[in-house]
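User: I am new to reading protein models. Please walk me through this one.

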Amino acid sequence: MVTYQEAILTETEQLIENINKLNATIERVNNVETKQAIEKLRQVEQKMNLVYTFFKASMYANNIHSEDSETDPSSSTNRPSFEDTNNDRKQDQNS
């Protein structure tokens with residue numbers, strides 16, 4: 001009977017020791033490694049926000065540029081605009 005009790009006590013002590021090691025590991029992960037991971041994720045998030053801002057700005061500029069080219073038909077063709085043709089005619093008539 002005594003040997004079973006000693007074996008149970010020994011196993012219980014080892015279990016408590018392993019639980020304490022596990023607790024120390026979890027505490028280290030929570031206090032140190034998690035903070036480092038959060039800081040790295042913050043840096044990635046900031047970079048992603050910067051890229052997103054530049055992307056949106058370029059899309060806005062592209063949209064403005066395309067709207068300008070749609071409103072100005074002479075910029076999309078090689079022929080002179082109507083206004084230039086009228087000015088040429090007036091100069092020809094004055095001569």
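User: How much surface does the chain expose, and what share do carbon and sulfur atoms supply?
Analyst: Accessible areas come from the Shrake-Rupley method with a 1.4 Å probe; for residues, only the protein chains shown count as cover. Here the chain exposes about 9200 Å². Carbon and sulfur atoms supply 56% of that. This is a predicted model: local features need pLDDT of at least 70, side-chain atom pairs need 80 or more, and totals for chains, interfaces and linings use all residues. Residues are numbered from 1 along each chain as its sequence is written, and side-chain values use heavy atoms, leaving out hydrogens and water.

User: What percentage of the residues is buried?
Analyst: Buried means under 20% relative accessible area, exposed over 50%, and partly exposed in between (1.4 Å probe, protein chains only). Of the 95 residues in the chain, 0% are buried.

User: How many helices and strands are there?
Analyst: Both are DSSP runs, numbered from the N terminus: helices (H or I) have at least four residues, strands (E) at least two. This chain has 2 helices and 0 strands.

User: How many salt bridges does the structure hold?
Analyst: Side chains of opposite charge can pair when their charged atoms come close. A salt bridge puts a side-chain nitrogen of Lys or Arg within 4 Å of a carboxyl oxygen of Asp or Glu. The structure holds 3. One joins glutamate 17 to lysine 21, with the closest N and O atoms 3.8 Å apart. Both residues lie in helix H1 (residues 2–71), 4 residues apart.

User: How far apart are the closest N and O atoms of arginine 28 and glutamate 33?
Analyst: They are 2.4 Å apart, in a salt bridge. Arginine 28 is partly exposed at 42% relative accessibility.
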